[in-house]
Each structure stands twice: as C-alpha cells, then as structure tokens.
Amino acid sequence: MIHQYDVVIVGAGLAGLRAAVETSQIARTAVLTKVYPSRSHSGAAQGGIAASLGNVDPEDNWEFHMFDTVKGSDYLGDQDAIEYMVKIAPETVIEMEHFGCPFSRTTDGKINQRKFGGHSLNFGEKAVCRSCFSTDYTGHVLLHTLYEQAIKRKVHFFPEFQALHLIVDDNGCQGVAAWDIRNGGLHIFQSRALLFATGGYGRAFKITSNAHANTGDGLALALRAGLPLEDMEFVQFHPTGLWQSGILVTEGARGEGGYLFNGERKRFMENYAPTLMELAPRDLVSRAEQTEIDQGRGIGGKDYVFIDVSHLGKEKIMARLPQITDIARNFAGVDPFKEPIPIQPTAHYSMGGIPADKNCHVWKTKDEQLPGMYAAGECSCISVHGANRLGTNSLLEAVTFGRIAGKSIIKDLPHLEWRELSQNAGRPAEGEVDKLLNSKGKEKTAKIRADLQESMMKRCAVFRNGKDLQAQLDYIKELQERYRYVVIEDKSLKFNTDLMEAIELGHLLDFSEVIVLGALEREECRGAHYRKDFEKDGKGIRDDVNWLKHTLAFRDPDGRIRLDYKPVVITRFQPMERKY
Ligand SMILES: Cc1cc2nc3c(=O)[nH]c(=O)nc-3n(C[C@H](O)[C@H](O)[C@H](O)COP(=O)(O)OP(=O)(O)OC[C@H]3O[C@@H](n4cnc5c(N)ncnc54)[C@H](O)[C@@H]3O)c2cc1C
C-alpha cells in the first residue's frame, strides 16, 4: 500500500510531535511510530528542560547557559548550534507553557526552576536553578501537551508502524517503507519531506535507562542508505540508575539536595569535584562511582553505591520527586523517606546520531546535504551536546529542533517536488521480512541480543581501553555472522513481536560496530569517552591537537565501516581544561 503525504515524520516523541504541530499548519502531515505516541521515551524524562528564564536566579542568561553547554560537551559541541538553541530556549519553554503544559510553579506563579548538573551562574561560579520542571514528570507532561496539540491540528497518526527502510536515490529522499505491526504488511510512505525523530540507542547496553523501543532504528536505516553517522562513540552513562535494572533515578534527586555515598559512608564526590560535588556533570560522576566500585568501595564491596534523599523530608520528596519514590519502592524495594537507594551507572543518552545542520537538514557527505531529509531530537547529531550532554538540555534539544525542523520543512516545501517512485522502493524491506520469516537457522534473537548487551557493558562502557575495544569489535563481527542465521518462531503476520525484535537486533548490531570502531580509533579521553590507556597520573588525557574533531562513519557498499572526521565549530569559547 502506498500513502502520499507532503511531510512524513518517523517518531512521535517530543521532536517528532513538535515538528508535526508546525508542519500540519500548512501541509498534509503523517506521523509513524512503532509504539503508541504517548509511550515514546520522551515521556520517561523526569528532571526538567533547561532555559535561562531567571525565575529563581534572576541573573541567569543565555550566555551562561551557552558556556556551560560548551564546557559540558568537552568542547566538542558545535558552538553556532549551541548558541542558537540556548538563545531561543526561553521562547521554546514559554511556548510549551502556552500550549498548556502544567509546569511546577514558584510561589509567585512563575515556572519553577531547579538546579541540575553542570549548569552554573557566571561561567562556572556556582550552581544555578535553570531546569524548568513539573515535579519529576516533566517529559510526561511535555509529551502529552504536544500530543494534544497535534491531534487538535489533525495530524494523521500511524501508531504501531515500524519503519524498515529509507527510500533514497541520487536526487534525494522519497520516503520510508514501514511495517504495520498490528495487521501485518508493508506500507510505503512517500513524502516530499521526511523527518527522522526516532530517538536514542541505549538498548545496545545491558544496564540502561532507555525504553525497549530505543534500538537506534533511524540510525541503522540511515547508515544502510549510505548516510554517515556522527560521533557515535559518545554514549552517556547516567550515574544514578537503579542497581541491576538501570531504571533512572532522576538527577533532580541530586538537584534537590540528594547525597551520594560509598561503602565507607563517605560522600566520595569530595575527591572528584569538590566545588560542584554531586552536581558535577554526569560523565564525571559516573566515573567517580565506577572508580569507587572498582576499588572495592561499593556498598558491601558490591557493584553499587547509594543515593540518599531521606534528609530532604517526606514533604519535599513528595512535592518534587514523587515518581522516583514509586520507582525506588517498586523496583528496588526501598523506602526513600527512610533509606538510601542502591544505584550504578546506566547507559542513558546517545550523543551521536545522524549529522544535521542547525536547520535539521541531513548531511549526505561532509559537504553535501540530502534534499528532502531532516533529522531532529536524540537520533540527530546537530552536535549541541558534543562529547557529553548536560542534564535537561536534551528535552530542550528535542522541542527546539523539532520546531526548527518543522519551520525548515515549511520553508523548503515549495522547492521539494513529488518525484516518481521507483517500482522497487519496497523491495529491500520486503526482502528483509521474507528472509527472517523463512529462515531455517538456529540462532535466537534474545541470545544474540543478550550477548551484545553484556559485552558492550563489559568492554565499551564508562571506562574503555584499546585491547577491550578491539576484542569487542571482533566479537560484534561474530555476532553479525550469527545474526545471519537468526530464526523466528512466530511465523504469523499480526503483532509479530518476534519479527520486530529480530529486525531491531540487526540495527543494534549495525550501529554498535560504529560505536566501538569510533571509540577504538579515538585515542584520547573526552566527555563520556574515557580511555584508560590514555591517562597520565590517573587523569584522562584530552588531546585537542589530534582529536578536537567530529567522527563521521560511513558504510561502504562492501559493508565495511569507514571513518572520516570533520572540524568542530568554535566561536565564543576556546577549549579549556574542565574543572568542577
Ligand atoms: C529515563 C530517562 C529520563 C530522561 N530525563 C531527561 C530529563 O529530565 N531532561 C532532559 O533534557 N532529557 C532527559 N532524557 C533524555 C530525553 O528524554 C530524550 O533525549 C528525548 O526525550 C528524546 O526525544 P525524541 O523525540 O528524540 O525521541 P523519543 O521520545 O525517544 O521518541 C522516539 C520515537 O521514535 C519512534 N520510533 C523509533 N524507531 C522507530 C521505527 N523504526 N519506526 C517507527 N517509529 C520509530 C518511537 O516509537 C518514538 O515515538 C531522559 C531520558 C531517559 C531515558
């Protein structure tokens, strides 16, 4: 079946929905999403969305926000894009308020703001209240607000449609082939403008805060279509994932005054970031935790430490952190009013993605763009986060660049013509489905996936080294070979989750190779990428001479990954040592 829409958006998280709200004003817009829109991972965001509104700290301004973001990115973020995002952040958040988003309020009725890691006043002087929040349900309320707005504007939703193949030719992008999960069957969505807003890729790791849907599909589809991926080696580990499950305990818990302590009952951040303590950026806190654990100072010598909010009192916890109270009770069996919560670093955020400029146009090569294709949100790499994202900057990114993508599409549409669709447009996707349904192999999806996730956790997580990365690269090749023989038990077409998961596993394997290769080649420590074999006196070496550049990974027709690099855009802030 072929559908034609001026604008097709894949993904109904904040980025996709915000774009749809924009484009649907003048163009027929379809949104496909493999999970129901309100189950997109954006809805799990707890802590907040950054904007220098100055409602609590009146001195705050966009320049401080820009400095923090650039510094947090370990100077790998593109400063033109960062400046653009933080300057319009107040407008972006106020627009969400006017759409009806129920933010928490100050006593005088303004949007309330709280502290978050790495956000400061006056270029690093002291922590600032910059995160706008709605208790610890911020993502949930933003997502529902935008979903309502999209419905009001009569956006056509295709929930439970999973995109399988990107349709591109030499002249540009023509749409996407997707599987109807509910009824079975392939659909072609032909578009003049296609936006990928498919979210992150945390599911490549065993311990992750990410939803099951975060399998980086958009990235794998782009890579297979010959597009590059940028800076994939930068994967953020959040310091407060629940022990063993990885479910997130928001950074808001530290923003509100929670303490971290180790098996010796010490607030160990004293040794790592004496000024910002628990509110240092995530990469730093995760490494501190992992060091405590590796050196035997976890709780009872085990692989976790504690976060304690009990001293904040029941009233404040219930007012500001109700969700994590439930999470701690239901998933860790502890009562945060009385007891500390066991935590460990959890794979949380994907800094890498589909390279795009600050108007969300996707790059095909280093200097050529792909007409008719756009990317926004976590699947994109506009590089506002560089090597490490600051908390609350990614809800901001998703809403801001969703909006910008919508505006770019509206501007470009008059120049984007309908072109005749090739008769073979659906064939690659059909081929993939047929191959899996008819496979006579013996390999199981769940087993290969577990092997991948465990090995990524072991060899490519908070700390990395050349030997392990090489071993992991070889291992991924082995897993890719095993994947050729993967078998589907369920041969039906309707709601065949077996089939969908097998397809997602193919994606995980494809982009994990890119993560590991990028990490192996990048011989330095920067942001979330920390190589133990590039340390001096116990401190990671950041090598600005050789590595102040973005990685671009291309998949050649023979299937091999080729790396290339491109310069970082530096405008206001020259690279400095990061001290907290
Ligand atoms: C637990 C948690 C808490 C967080 N808290 C915060 C926070 O407090 N502040 C902050 O700034 N950031 C936070 N983040 C990060 C932030 O939530 C995300 O980066 C952001 O919401 C991503 O939005 P998105 O629109 O790009 O993608 P998502 O919301 O992940 O949406 C992706 C969409 O793509 C669809 N999709 C994916 N693949 C396919 C496919 N093959 N076919 C069809 N559809 C597809 C999905 O169905 C979904 O609708 C948090 C993240 C997590 C995991």
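This tour goes through two sheets, a pocket and two cavities, with something to select at each stop.

**Before you start**

You are looking at a predicted model, in which local features need pLDDT of at least 70, side-chain atom pairs count only at pLDDT 80 or more, and totals for chains, interfaces and linings use all residues. Residues are numbered from 1 along each chain as its sequence is written, and side-chain values use heavy atoms, with hydrogens and water left out. The names of helices (H or I, at least four residues) and strands (E, at least two) come from DSSP runs numbered from the N terminus.

**Stop 1: the three-stranded sheet**

Select β10 (229-230), then β22 (561-567): these are the edge strands, and each pairs on one side only. They belong to an open sheet of three strands in the order β10-β21-β22, paired antiparallel. Two strands count as paired if DSSP finds at least two bridges between them. Now add β21 (residues 549-555), which is joined to β22 by seven bridges. To see one such bridge, pick T551, whose partner in β22 is Y565.

Next, show helix α6 (residues 217-224), which lies across β10, β21 and β22 at about 65° to β21. Helix α15 (residues 497-521) lies across these three strands too, at about 55° to β22. The angles, which run from 0 to 180 degrees between N-to-C directions, use axes fitted to C-alpha atoms, for helices over the stretch in contact, where contact means heavy atoms within 4.5 Å.

**Stop 2: the four-stranded sheet**

Move on to the open sheet with the order β11-β14-β13-β12, which is also antiparallel. Why do β11 (235-242) and β12 (259-261) each have one side without a neighbour in the sheet? They stand at the edges with a single partner strand each, so nothing in the sheet flanks that side. Neighbouring strands here are turned by 45° against each other on average, direction ignored. Select β14 (residues 341-350) to find the strand that six bridges join to β11. In one of these pairs, L242 has I343 in β14 as its bridge partner.

**Stop 3: the second largest pocket**

A pocket is an open set of points on a 1 Å grid over the protein atoms alone, with protein on both sides within 12 Å along at least five of seven lines; lining residues have an atom within 4 Å of a point. Select L284, R287, Y530, K539 and G540, the closest to the centre among the 23 lining residues of the second largest pocket. The space here is about 740 Å³, a volume being the space filled by probe spheres set on the points, which are joined across faces, edges and corners. Which element gives the most to this lining? It is α8, with four residues. By class, the lining has seven nonpolar, six polar and ten charged residues. Here Ala, Val, Leu, Ile, Met, Phe, Trp, Tyr, Cys and Pro count as nonpolar, Asp, Glu, Lys and Arg as charged, and the others, Gly among them, as polar.

**Stop 4: the cavities**

A cavity is a set of grid points where a 1.4 Å probe fits but cannot get out. How many cavities of 30 Å³ or more does the structure hold? There are two. For the largest cavity, of about 50 Å³, select V235, F237, D283, S286, R287, V462, G527, A528 and Y530. Helix α8 contributes the most to this lining, with three residues.

Finish at the second largest cavity, where the lining residues include Y349, M351, H385 and E397. Its lining is made up of five nonpolar, four polar and one charged residues.
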